[in-house]
Amino acid sequence: MKWYVDASFAVHPDFKSHTGGVMTMGGGAMQAMSKKQKLNSRSSTHAELIGVDDAITQVMWTRMFMEEQGYPIEKNILYQDNMSSILLEKNGRSSAGKRSRALNILFFFVTDQVEKGNLTIEHMPTDDMWGDYMTKPLQGEQFRKFWALIQGDQED
């Protein structure tokens, strides 16, 4: 399973960020989400962490559901385009600096899942981040590219 989770920082009138996510198991999107974040964030890294926290329940539930249906999941990959959030998710508090010390411990649930082997976090360049389709108004080629991927009209 591949999950593309992204956040747009402070895009709403109340300066809350927006989370978008897409899940695929090959061609096209099997699940998609787009929602305003409930918390205000202080940086794009914080917004990305909130976005992953918004998606993690669905990520883990889908893995367990598929395995109970008899489909073992060998790779459960969550792609992100923010290297700072990837470091925090993989390493937890040890990657936290002065600006990130105030992050709530619940965001490190992801770190626990990575350590248990239930999830892999990998970098995905912004130009290939399917989650962008769910977080911001794309135009032109980027819109057409992600629309085709989500519809299953082309392979990633």
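The side chain of Asn-76 reaches the backbone oxygen of Asn-118 at 3.3 Å. That is a handy place to enter this predicted model. Asn-76 sits in the loop between α1 and β4, the strand of residues 77-80. With a relative accessibility of just 2%, Asn-76 counts as buried, because the cut-off for that label is under 20%. Leaving out residues up to four places away in sequence, Asn-76 touches Met-1, Trp-3, Val-59, Met-60, Arg-63, Asn-118, Leu-119 and Thr-120. Asn-118 thus turns up twice, as the partner of the side chain through its backbone oxygen and as a member of the contact list.

Stepping back to the whole chain, the secondary structure comes to four helices and five strands. Read along the sequence, these elements follow the pattern β-β-β-α-β-α-α-β-α. The chain has 156 residues, and 45% of them are buried. As for contacts with a separation of 6 or more, 57% are between residues 24 or more positions apart.

Next comes strand β4 itself, where Gln-80 lies. Gln-80 is buried, since its relative accessibility is 0%. What does the side chain of Gln-80 make a polar contact with? The partner is the side chain of Glu-48, at 3.0 Å. Beyond four places in sequence, Gln-80 also touches Val-5, Val-52, Ser-85, Ile-86, Glu-89, Glu-122, His-123, Met-124 and Met-129.

Several of those names come back in the packing of two helices. Two packed helices are described by the angle between their axes and the distance between the axes. Here, helix α1 (residues 44-68) packs against helix α2 (residues 83-91) at an angle of about 55 degrees, and the axes are 8 Å apart. That angle makes α1 oblique to α2. The crossing of the pair is right-handed. On the α1 side, the contact is made by Thr-45, Glu-48, Leu-49 and Val-52, while α2 brings in Ser-84, Ser-85, Leu-88 and Glu-89. By residue type, the contact of α1 with α2 divides into three nonpolar, three polar and two charged residues. Glu-48 and Val-52 of α1, along with Ser-85 and Glu-89 of α2, take part in this contact and are also touched by Gln-80.

Helix α1 is met again from another direction, through Thr-19. This residue lies in strand β2, which covers residues 18-24. Is Thr-19 buried or exposed? Thr-19 is buried, as its relative accessible area is 0%. The side chains of Thr-19 and Asp-54 are joined by a polar contact of 3.0 Å. Setting aside neighbours within four places in sequence, Thr-19 has a list of contacts that runs through Val-5, Asp-6, Ala-7, Met-33, Ser-34, Lys-35, Gln-37, Gly-51, Asp-54, Met-134 and Thr-135. Val-5 is in contact with Thr-19 and is touched by Gln-80 too. There is also a long-range pairing to note: the C-alpha atoms of Thr-19 and Asp-132 are separated by 9.1 Å, with their positions 113 residues apart along the chain.

Gly-131 is found in the loop between β5 (120-123) and α4 (140-151). Its relative accessibility of 0% means that Gly-131 counts as buried. Outside the neighbours within four places in sequence, Gly-131 is in contact with Tyr-4, Asp-6 and Gly-20. Asp-6 is in contact with Gly-131 as well as with Thr-19. On the other side of the loop's sequence, Phe-146 is 15 residues from Gly-131 along the chain, and their C-alpha atoms are separated by 8.8 Å.

Finally, there are a couple of backbone oddities. Most residues other than glycine have a negative phi. Ala-10 has a positive one, near 50 degrees, and Phe-15 does as well, near 65 degrees. Ala-10 has its place in the loop between β1 (2-8) and β2, and Phe-15 is in the loop between β1 and β2 too. How far are these residues open to the outside by the area criterion? Ala-10 is partly exposed, because its relative accessible area is 26%. Phe-15, at 57% relative accessibility, counts as exposed.

Notes:
Residues are numbered from 1 along each chain as its sequence is written. This is a predicted model: local features need pLDDT of at least 70, side-chain atom pairs count only at pLDDT 80 or more; totals for chains, interfaces and linings use all residues. Side-chain values use heavy atoms; hydrogens and water are left out. Helices (H or I, at least four residues) and strands (E, at least two) are DSSP runs, numbered from the N terminus. Buried means under 20% relative accessible area, exposed over 50%, partly exposed in between (1.4 Å probe, protein chains only). Contact means heavy atoms within 4.5 Å. A polar contact is a pair of N or O atoms within 3.5 Å; within protein, one must be able to donate a hydrogen and the other to accept it, and residues adjacent in sequence count only if both atoms are side-chain atoms. Axes are lines fitted to C-alpha atoms, for helices over the stretch in contact, and angles run from 0 to 180 degrees between N-to-C directions. Angles under 35 degrees count as roughly parallel, over 145 as roughly antiparallel, 65 to 115 as roughly perpendicular and the rest as oblique. A crossing is left-handed if the near helix is turned anticlockwise from the far one by less than a right angle, and right-handed if clockwise. Ala, Val, Leu, Ile, Met, Phe, Trp, Tyr, Cys and Pro count as nonpolar, Asp, Glu, Lys and Arg as charged, and the others, Gly among them, as polar.
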